[in-house]
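Got your viewer open? Let's take a walk through this one, a stop at a time, with something to select at each.

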Amino acid sequence: MSVQRVEVRQGRYADSVSLMLISRELSGTAGIEAAQVAMATELNVEVLTGMGFTMPPDYSANDLLIAVRGAQEAALAAAVTAAEQLLSKPATGGSSSSEQRPPRTIGVAARTGTGLAVISVPGKHAFTEAMDALESDCDVMIFSDNVSLAQEIALKDAAAATGRLVMGPDCGTAVVGGIGLGFSHSLDVGPVGLVTASGTGAQQVLCLLDAAGIGVSAALGVGGRDLSTAVAGRSTLAAMTILDGDPGTELILVVSKPPADAIAEQVREHARALRTPVRFALLGQGETDLTAATERALDALGVTAPSWPSWISDRPPRPGLFRGLFCGGTLCDEAMLIATGVLGEIRSNIPLRPDWTMDVSPHDPARSHAGGHWMIDFGDDALTQGRAHPMIDPSLRTEHLKAALEDASTGVVLLDVVLGHGAHPDPAAELLPLIARTEIPFVISLIGARQDPQDLHGTAERLHAAGASVFTSNAAATRHALGVLGQAGQQR
């Protein structure tokens, strides 16, 4: 029988990313079944309760909670001690002198001369910080998710009034001034400027361009809702205009998860008024996939697209159901758009049709898996509340993957593995033993640039050696997975 311990540290604070990483490290400790170290906010308490922890009687949102569960009290005590040691590690790279301390507000930071503010705070606080940045004459990148639609529109209207740009909210990837922000890659400077209403979709295109030897002038993420009817392309239109005035940009490529039809047409109309040529990678029924769109952009530059690298396993095909488990929502969208034309209904937590909706439980993988074919986006807001993004901490996806592998109806597993700065230092590590010990075919979309720190080709070879088929094109990976099921993939 399991025992648990939830301890309160009054007035103790640590940032959410640090706490998530500490939680992950404790979860891998011998004798520990579950661990969570978090501030005692309403959301985090809800997450802990959902994990089965009983909250102590007295705590406030300004306190820190250490929650562990395991088989023996000794293991719990050791885990709490380890948590204290990790919490006590001093920050590196700083100075104790008051002159060198970082600014505590956006307004103070803006007076140092910066022109861009990156906002990464809980979503309910992001609006205030972003508005402060705009009022301090800064462009804004909002990495935070769970920002309301009304707040997003208000911020983008405020930016338009001051001639500034809002990237996001939920802007996971950007390149500004040759510097990658958020989840980024080691890229060369080059002639293509991206405007992206997509995170992992942008990463796919950036990495395909890199494989073709083409660099980028910028990648301006505008948030996944920007091309919705409500937001109406506010930041997309502004970002296109900015890149049109950039002498280093020879081609603009607009990348988006499925947009609203009317807004996509407005963006195309705006493109016709620009001096710089514009190409589009807009996912949707009847549209080209991201790989084909990138190839067309290369053709517009007079560059022949290479053969996209792949490593094919000889693991035999088998009948069964399609299981897709994604860190990236746009990659999940793209895979569903390709596969649904062959398989029909695909259930998902980000479905192509409302009646294909699938509820996904973060606490009970086996129960949440619907019958039939399904694909899950583990980066969706509902599954990242109180936990790190799956590109940082893939443990939730791993638990669902284990359940899928125990399901005799599973015929093929399609996964994305995303490399780069900000992502897990070795995202293949948790997958290798799972791939090796099953006969179920694994197909992996490996999204990475040639110079990324995780070693693109080395990671591909390790995954392939374990038994997976690996593709640097998500579209190609999806079509291969369909072939494994004995289906012919759609032709582009």
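## First stop: a strand and its partner

Select V195 and L220: the two are bridge partners, with L220 sitting in β10. This is a predicted model, so treat everything on the tour as computed from that prediction. Now widen the selection to residues 189-197, which make up strand β9, and add β10 beside it; the two strands run parallel and pair over six bridges.

Is β10 enclosed or open to the outside? Colour residues 216-221 and check: six of the six are buried, so the strand is largely enclosed by the rest of the structure. While you have strands on screen, here is a handy rule: in a regular strand, side chains alternate between the two faces of the sheet.

## Second stop: a buried aspartate

Next, pick helix α7, residues 200-211, and find D210 in it. D210 has a relative accessibility of 2%, and since anything under 20% counts as buried, that is where D210 falls.

What does D210 touch beyond its close neighbours in sequence? Show S186, L187, A449 and R450: these are its contacts once residues within four places are set aside.

## Third stop: loops with a twist

Jump to the loop between β6 (166-167) and β7 (173-176), where you'll find P169. Zoom in on the peptide bond leading from G168 to P169: the bond is cis, with omega near 5°.

Now go to D137, in the loop that links α5 (123-135) and β5 (139-142). D137 isn't a glycine, yet its phi is positive, at about 65°. With 44% relative accessibility, D137 counts as partly exposed.

There is another aspartate to visit: select D455, in the loop between β18 (442-447) and α16 (456-466). D455 also has a positive phi without being a glycine, this time about 70°. Its relative accessible area is 42%, so D455 is partly exposed.

## Fourth stop: a glycine and a long hop

Select G115 in the loop between α4 (106-110) and β4 (116-119). Its relative accessibility is 33%, which makes G115 partly exposed. Leaving out residues up to four places away in sequence, G115 touches C138, D139 and R164.

Then add A264 and draw a line between the two C-alpha atoms. G115 and A264 are 149 residues apart in sequence, and the line should read 29 Å.

## Last stop: zoom all the way out

Clear your selections and look at the whole chain. It has 17 helices and 19 strands. Its C-alpha atoms fill a box of roughly 65 × 60 × 40 Å along the principal axes.

How does the radius of gyration fit with a compact globule? For 492 residues, such a globule would have a value near 23 Å, and the chain has 23 Å, so the two agree.

Try colouring by burial: 53% of the 492 residues count as buried. If you switch to a contact view, look for links across the sequence. Of the contacts with a separation of 6 or more, 74% are between residues 24 or more positions apart.

Finally, turn on the surface. The accessible area is about 21,000 Å², and 51% of that belongs to carbon and sulfur atoms. Colour by charge and you'll have 34 positive and 54 negative side chains on screen; the centres of the two sets are 1 Å apart.

Notes:
Residues numbered from 1 in each chain as written. Predicted model: local features only at pLDDT ≥ 70, side-chain atom pairs only at ≥ 80, totals over all residues. Heavy atoms only, no water. Helix = DSSP H or I, 4+ residues; strand = E, 2+ residues; numbered from the N terminus. Rg over C-alpha atoms; globule rule 2.2 N^0.38 Å. Buried < 20%, exposed > 50% of the residue type's maximum accessible area, 1.4 Å probe, protein only. Contact = heavy atoms within 4.5 Å. Areas by Shrake-Rupley, 256 points an atom, 1.4 Å probe, with all protein chains shown as cover. Lys, Arg positive; Asp, Glu negative; His and termini not counted. Charge placed at Lys NZ, Arg CZ, Asp CG, Glu CD. Pairing = 2+ DSSP bridges.
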